[in-house]
Structure formats: C-alpha cells, structure tokens
Amino acid sequence: METAYRICPLCEATCGLKLTIDSGRVTGARGDRDDVFSSGFICPKGAAFGQLDSDPDRLRRPMVREGETWTETGWAEAFAAVERGLMGVIERHGRPSVATYLGNPNVHTLAGQMYAGEFAKSVGSPNVYSASTVDQMPKHVSSGLLFGDPLAIPVPDLDRTDHLLILGANPVESNGSLCTAPDFPRRLKKLRERGGRLVVVDPRRTRTAALADQHVAIRPGTDAYLLFAMVHTLFEEGLADPGPLAPHVDGVESLPPLAEAFTPETAEQVCGVPAGRIRTLARDLAQAPTAAVYARIGTTTAEFGTLTSWLVDVLNLLTGNLDRPGGAMFPLAPHRRRGLGRGRGFQLGRWHSRARGLPEVKGELPVATLAEEIATPGEGQVRALVTIAGNPVLSTPGGDRLDRALAGVEFMVSVDPYLNETTRHADVILPPPPPSQTAHYDLAFGELAIRNNARYSPAPVPLADGSLDECEILARLIQIAAGRGAAAPPGEVDDRLIERDLAKAAADPASPVYGAEAAKLAEELYPGTPAERRLDMKLRLGAYGDGFGADPGGLSLRRLLAEPHGIDLGPLQPRIPEVLKTVSGRVEVCPEPIVDDVRRLREGLEARRGALVLIGRRHLRSNNSWMHNLPALTGGSNTCTLQVHPEDAERLGLRDDATALVRSRSGQLQVTVERTEAAPAGVVSLPHGWGHGAQGTRMEVAGARPGVNANVLTDPAVIDPLSGTSVLNGVPVDVLPAP
C-alpha cells in the first residue's frame with residue numbers, strides 16, 4: 001500500500017489528490033490537504049479517479065479496424081498502419097486534405113498541451129478544428145482584440161473582491177471555467193461572509209444562482225444587450241472611470257456613441273430585465289470598493305458571444321476594476337515569461353474554410369464546418385481525419401451529419417482511450433495510458449489560476465507493459481506527419497523544440513540566458529523524459545525561473561519535484577502594460593471588428609423573441625461526454641432530461657417523466673421530461689455531451705444510460721461570426737408530447 005500525490009485532470013479546478021495505490025492500482029482518492037492551491041478540496045469527479053483509471057472499457061492496446069472488425073495490434077504495427085494511411089492520403093490529395101480535431105481533454109493533459117498543437121503544425125493543413133469553437137473561443141477573440149494576446153484572459157480575483165457579477169456560469173457545479181479556482185463554492189461563500197455581494201445573471205435558477213444575493217433571470221442569448229445597457233448607464237450617470245489604467249487605454253471616447261442605442265429601457269424589451277434593475281446593476285458595480293464581472297459558456301455559446309465577452313472586460317475597465325486587486329486580473333503562469341508591453345497584435349481571418357468561407361481564428365476553423373468540409377467534393381476536400389481526445393459526433397452541432405460524413409473519409413486515426421461515437425469510425429485507435437500512469441503539469445490552467453502557483457505530478461504508477469506514454473504517441477505522430485516516418489526516434493521532436501527555444505532565448509537581450517550557448521544550456525536540463533526536459537526549460541526561462549543559474553532560488557523541475565504539494569507564488573499582481581501585445585502597446589477598447597459587429601447587435605433590437613428556446617446545463621458529476629462511463633458518477637442530478645417549467649408543461653401537455661418530442665429547424669429528438677421551477681417559463685434545458693450507445697461503441701455504463709444528443713437540435717449554420725463559435729444556447733424549439 002503506497003501514497004502518491006497527483007493533480008486531478010478531470011476539470012479546470014486542478015485540485016490536488018492524495019491517492020492510495022495497492023499493487024499498481026489506485027484504490028482510493030481524496031483531497032490533498034497540504035496542496036498549496038486546493039487545500040484538500042475534492043469533488044465527486046476527483047473521488048472517482050480510481051474508477052476512471054481502471055475502467056474496464058478503456059482500451060489498453062492499439063486497435064486496427066478491418067471492415068466492422070476490431071483487432072488489437074502492437075505499437076509498431078499500429079504506427080506503420082498510420083503512416084501508410086495518412087501519408088497515402090497526403091500523396092494522393094495533398095496536405096490540405098488532412099484535418100485535425102483537438103478535443104477538450106487535451107487541455108487537461110501535459111501531452112495534449114505540449115504535442116497536439118505541434119502535430120497540427122506538422123500536418124501543414126489549414127483544416128484544424130477543436131472544441132474551442134463550441135466553448136470559449138469568443139473570449140480568446142475579445143482578449144486578442146483588446147490586449148493583443150488571445151491567451152491574456154482576465155480572471156476574477158475571487159478571494160479579494162467585494163462584488164462579483166457572474167453571467168452564464170454555474171461554477172458551483174462546473175467547478176469554474178476560464179477561471180481556475182479549487183473549491184469555487186467555498187470562495188463564493190467567503191465573499192458573502194466578508195460582506196461582499198454576489199449577483200448571478202442566468203436564465204435558470206442554478207445552484208450558483210441559489211447561493212447568490214441576487215439572481216437576475218435573463219432571456220437566453222441576450223446578455224450583450226444587458227451589458228451594453230450597463231455601459232450606457234455608466235456614461236449617462238458619470239460613473240465611467242478607468243482609474244490608473246487611463247494612460248494605457250485607447251478608444252474609450254468611442255464607447256458612448258456605440259452604447260447610445262442600448263438604453264436600459266430598450267434593453268429591457270430584449271433581455272427581459274427591468275430597466276431600473278439594469279441601472280442598479282451598473283451603479284452597484286461602479287460603486288463597490290472592488291468588483292469583477294465574470295461570464296462563461298452560457299454567454300460564449302450564444303448569438304453575440306464575442307461582443308458579450310468584450311463587454312465583460314469593458315465593464316471591468318470602465319469601473320476601474322481591470323488589472324487591480326479585487327477586480328479582474330491577469331495570472332502569470334510559471335512557464336510564461338513576462339511580456340514587453342507591446343507586440344504584433346491579433347489578427348482574424350488569415351485563411352478561410354473552403355465550403356463556407358468562414359474565417360480562421362487562433363489557428364483553427366469553426367468545427368461547425370467540419371462535416372461539410374468532409375462531404376463537399378472538390379479540391380481541398382477533407383479525406384483524412386486525426387482526432388486527439390475528442391468526440392465531436394456528440395459535442396458539435398449537427399453531430400448526426402458529422403457521424404454520416406465520417407463514414408466517408410479515406411483514413412482516420414484517433415488518439416483516445418475509448419471506442420466511442422466518433423472513434424468507431426477510425427481505422428486505427430492509439431490509446432493513451434490511464435491518468436495514474438502519466439505525469440501532469442497544467443500548462444493551460446496555470447494561465448487562468450486565481451492565485452499564482454507551480455505544481456508538478458510525476459506518474460504515480462509505472463507504465464503498464466505494452467503501454468506507451470501519450471507524449472511518445474503524439475511525438476511519433478508528429479514524426480509521421482512531418483514525413484520522417486514511423487521509425488524515426490520520437491525524442492527528436494523535443495530535441496528540435498528545445499534547440500529552437502533555447503537559441504531564441506540566447507539571442508534575446510531581455511532573457512536571463514542572453515549570449516549563452518544553446519547546446520550547453522540543453523545539457524543542463526533535467527535528465528528525465530523528453531517532455532520533462534522541455535518542461536524544465538520552460539520553467540527555468542519563465543517568470544519565476546532560475547534562469548539556468550541566474551537566480552539560484554528560482555523555479556526548475558528539480559525544485560518542483562521536491563515539493564509534491566506545490567509551490568505558492570502569491571496573489572495575482574497588476575500586469576498592464578507588461579501583459580499587452582498590441583501594436584500600440586495599449587488596451588485597444590474599440591477595435592474595428594468589434595465596432596463592425598455592434599451593428600449586428602443593434603439590428604437585433606428589432607428581432608422577435610417569442611419562441612420557446614433551448615439552453616444547456618452543467619452537472620457536477622460530469623464533464624462533457626468523456627465521463628459518462630463511470631458508475632460512481634451516474635447518480636444524483638447527472639441525468640439527461642428536458643427541464644421544463646411547470647407552467648409550460650401544463651400549456652404543452654407534458655407530464656413529469658413522460659416523453660417529449662423536441663424539434664428545431666435542424667432536427668428532432670425524444671427525451672424524458674423533468675418539470676422544475678429551476679427552468680424559467682419560455683425556456684427548456686438539456687445537458688450537453690449525451691447520446692451514447694451507437695452501434696460499434698464499447699462504453700457499457702454510458703450505453704446503459706445513453707441520453708440524447710442535444711446537438712441534433714443545434715444548427716451548424718448559426719455561429720458567432722467573429723469567433724466562429726456555434727450557437728448552442730437560445731435555440732428556438734417546439735416541444736410537444738411524444739406520439
């Protein structure tokens with residue numbers, strides 16, 4: 001019996017786990033009370049770590065498909081099959097004929113963060129897709145336009161704020177999103193205990209809304225109107241004041257004309273929030289000692305997702321709360337270097353999709369167009385697909401169409417532990433090892449943490465015989481895609497990247513290793529796995545790093561290995577102008593793409609909004625489609641039902657636990673009704689990521705409780721034009737008793 005420590009990879013909270021291991025198997029998981037960030041907090045997902053790790057449906061060996069038959073094979077044979085299939089398509093049709101899809105779990109693994117993007121680059125195709133365009137891309141776009149960096153995302157300083165306004169987020173159940181904060185519920189309770197105020201804007205009365213001082217029920221998809229009316233109020237009442245940031249901001253004078261049409265009275269007619277309450281929301285925000293506005297997926301997967309994300313930070317700026325303690329601040333992850341206060345800025349639309357001409361954003365195209373890129377003949381047609389840790393058949397709009405399209409690709413390879421609704425179409429499946437056999441460092445979530453910290457978890461359990469580390473799996477795929485072949489040493493990938501990055505650092509006068517010889521620096525790196533060597537380099541060159549000896553007390557991987565509970569790096573600090581990468585070196589409040597899109601928002605003032613609409617919802621015991629196969633997480637509220645307000649249920653003739661037929665212009669499905677006052681009148685709610693049990697899948701628990709795929713109802717043609725993000729909330733539907 002052994003004890004080991006591991007950062008939980010199952011949601012964005014990144015809690016520290018204390019694992020009990022018996023004969024190489026995880027037999028228990030509880031919170032690590034000594035973890036510098038989570039202090040012992042654990043949710044049901046973390047407690048189920050052992051079940052996920054030992055799930056009997058997990059694939060343990062590579063799988064190759066012949067017709068409808070799957071056969072286990074060796075790694076050398078599997079990579080040889082990938083090389084034949086992938087390079088064959090490239091030779092016949094060119095590199096643009098290969099598409100890459102990166103799923104949500106990639107941001108939860110060291111391998112996904114360090115290698116998945118490099119793989120997409122090595123393919124050399126414009127057809128890169130990810131879960132970002134069914135999730136957070138609007139926030140990346142607004143941050144890129146405002147601050148010059150799509151990864152410079154302000155997070156609420158939860159532990160020091162006096163007033164928190166949350167829109168379209170349910171962190172009590174989601175554990176937070178684009179805001180890494182273990183034990184979000186306790187932090188919200190602490191806010192109220194110290195005399196602060198919590199206001200939640202959400203159509204549903206979620207568990208987070210129930211905890212709030214005030215719940216503001218809003219019509220789905222209209223958050224931008226509410227926020228613009230608040231901006232209007234700030235200028236109308238002389239409350240707009242960026243404070244000390246004013247010298248670092250351009251374009252504030254352009255805001256009042258943009259906000260002129262969005263009076264509280266006009267906004268009330270659209271969003272359903274009384275004008276007086278809108279004014280009070282604005283005043284309370286401006287007059288609080290410190291305050292932060294925070295919005296998430298309920299607002300980003302809506303018609304005006306990018307404008308809403310932009311308005312969140314406009315309000316933080318205008319109330320003097322951007323980049324100050326207690327407001328919305330920029331974390332500084334330990335693997336990141338401090339910026340120079342200016343850069344090349346952020347561009348949209350550097351290329352466009354073939355079938356619909358949709359613009360590229362942050363190196364990828366909208367996933368809503370993937371099915372038509374596969375199905376539409378002609379030059380550049382997608383004929384091969386590589387999926388890494390994703391299930392787009394369930395998680396993207398028109399999933400049924402994508403399901404049909406995948407049956408027509410010439411070759412498909414998936415890096416995934418499950419035979420699921422998407423990977424059943426693959427020719428080769430390369431399964432990564434379970435989490436207990438992988439090392440962990442949060443490259444993505446360190447940049448969103450509400451307190452700066454550094455934590456690294458070596459693999460608690462050695463790799464099982466016949467397994468490959470996911471880092472090696474992806475490195476071998478990079479070698480294949482780059483044309484070096486399946487037999488090329490995978491460590492060469494890291495050697496090249498280390499050589500490139502150290503040479504760049506040695507040539508940078510602002511770097512602590514300026515003038516050094518890159519090859520000698522490489523010799524000083526931690527002598528671990530290739531991924532550990534590269535991580536050590538990032539830490540040593542980062543903001544808190546030892547600079548290869550320049551600061552002997554600084555961070556390195558060796559130091560992190562000596563601190564199994566992590567290292568606390570202190571509260572967030574103001575970072576403007578250092579964090580900016582705009583060409584001007586200033587916060588650009590009214591960038592042209594945003595100003596142009598305000599016209600679309602203004603035109604929407606006249607739109608009719610009387611239809612019944614569909615929204616999603618989150619469950620504490622779930623994280624999209626990939627956690628529905630664990631018995632420990634099948635209880636409680638984690639059910640796929642259609643929540644309907646009792647008044648609507650009576651009007652529509654829907655009985656509790658009966659079956660309803662739900663129709664949109666894109667499709668229809670039948671689902672069990674749950675009558676509840678948590679859903680407001682005029683709104684029905686269906687969770688995301690269900691619809692399991694398709695023929696050819698191997699997920700027994702999920703297949704026994706399949707639920708329905710909400711994305712049958714969402715329309716791939718309807719997207720937020722700036723970010724390419726699919727509209728999943730506020731979808732007009734008809735609901736009636738099933739025949």
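**Exercise 1. Is Ser132 buried or exposed?**

Keep in mind that this is a predicted model. Work out the answer for Ser132, then describe its surroundings.

*Solution.*
- Start with the location: Ser132 lies in the loop that runs between strand S7 (128-130) and helix H5 (137-147).
- Next, take the relative accessible area, which is 12% for Ser132. The cut-off for buried is under 20%, so Ser132 is buried, at 12%.
- Finally, look at who touches Ser132. Leaving out residues up to four places away in sequence, the contacts are Met137, Glu364 and Thr725.

**Exercise 2. Find how many disulfides the structure has, and check Cys15.**

*Solution.*
- Searching the whole structure turns up zero disulfides.
- Cys15 fits that picture: the nearest cysteine sulfur belongs to Cys11 and is 6.1 Å away. A disulfide needs the two sulfurs within 2.5 Å.
- As for accessibility, Cys15 is buried, with a relative accessible area of 7%. Cys640 counts as buried too, at 13%.

**Exercise 3. Check the length of helix H4 and describe its setting.**

*Solution.*
- H4 covers residues 110-123, which makes 14 residues. At 1.5 Å a residue the helix should span 20 Å, and its end C-alpha atoms are 21 Å apart, so the two values agree.
- Now look along the helix: H4 has a kink of about 30°, centred on Ala116.
- Then count the covered positions. Eleven of the 14 residues in H4 are buried, so the helix is mostly covered. Among them are Leu110, Met114, Tyr115, Ala116, Phe119 and Val123.
- What does the covering? The list includes strand S6 (98-102), S7, strand S15 (384-388), helix H18 (470-481), helix H19 (491-506) and helix H21 (530-541).
- Step just past the end of H4 and you meet Gly124, which takes a positive phi of about 75°.

**Exercise 4. Which residues of the largest nonpolar core touch the most other members?**

*Solution.*
- This core holds 66 residues, and the ones touching the most other members are Leu226, Phe228, Met230, Trp310 and Val589.
- Helix H9 (residues 223-236) gives the most to this core, with nine residues.
- There is also a second, separate core of 53 residues, and Met114, Ala116, Ala454 and Leu560 are included in that one.
- Back to Val589 for a closer look. Ignoring neighbours within four places in sequence, Val589 has contacts that include Leu146, Val249, Leu255, Trp310, Val314 and Leu317.

**Exercise 5. Find the strands at the edges of the seven-stranded sheet.**

*Solution.*
- Write down the order: S28-S21-S25-S22-S24-S23-S29, an open sheet with mixed pairing.
- The edges belong to strand S28 (731-732) and strand S29 (734-737). Each has a single partner strand, so one side of each is left without a neighbour in the sheet.
- Now zoom in on one pair. Strand S23 (residues 659-663) and strand S24 (residues 668-675) are antiparallel and share five bridges. One bridge pairs Arg663 with Gln668 in S24.

**Exercise 6. Describe the partners of strand S10 and how covered the strand is.**

*Solution.*
- S10 (residues 197-201) is largely enclosed by the rest of the structure, because four of its five residues are buried.
- With strand S9 (residues 163-167), S10 runs parallel, joined by five bridges. Leu164 has Leu198 in S10 as its bridge partner.
- With strand S11 (residues 214-216), S10 also runs parallel, joined by three bridges. Here Val201 stands opposite Val216 in S11.

**Exercise 7. Place two buried loop residues, Gly547 and His645.**

*Solution.*
- Gly547 sits in the loop between H21 and helix H22 (557-561). Its relative accessible area is 5%, so Gly547 is buried.
- Beyond four places in sequence, Gly547 is in contact with Pro512, Val513 and Arg540. Leu669 is 122 residues from Gly547 in sequence and 58 Å from it in space, C-alpha to C-alpha.
- His645 is in the loop between strand S22 (642-644) and helix H24 (646-652). With 13% relative accessibility, His645 counts as buried.
- Again setting aside neighbours within four places, His645 is in contact with Thr676, Glu677, Ala679, Pro680 and Ala681. Met329 is 316 residues away from His645 along the chain, and their C-alpha atoms are separated by 38 Å.

Conventions
Residues are numbered from 1 along each chain as its sequence is written. This is a predicted model: local features need pLDDT of at least 70, side-chain atom pairs count only at pLDDT 80 or more; totals for chains, interfaces and linings use all residues. Side-chain values use heavy atoms; hydrogens and water are left out. Helices (H or I, at least four residues) and strands (E, at least two) are DSSP runs, numbered from the N terminus. Buried means under 20% relative accessible area, exposed over 50%, partly exposed in between (1.4 Å probe, protein chains only). Contact means heavy atoms within 4.5 Å. The expected span of a helix is 1.5 Å times one less than its number of residues. The bend at a residue is the angle between axes fitted to the seven residues ending there and the seven starting there. A nonpolar core is a set of buried Ala, Val, Leu, Ile, Met, Phe, Trp, Tyr and Cys residues joined through side-chain atoms within 4.5 Å. Two strands pair if DSSP finds at least two bridges between them.
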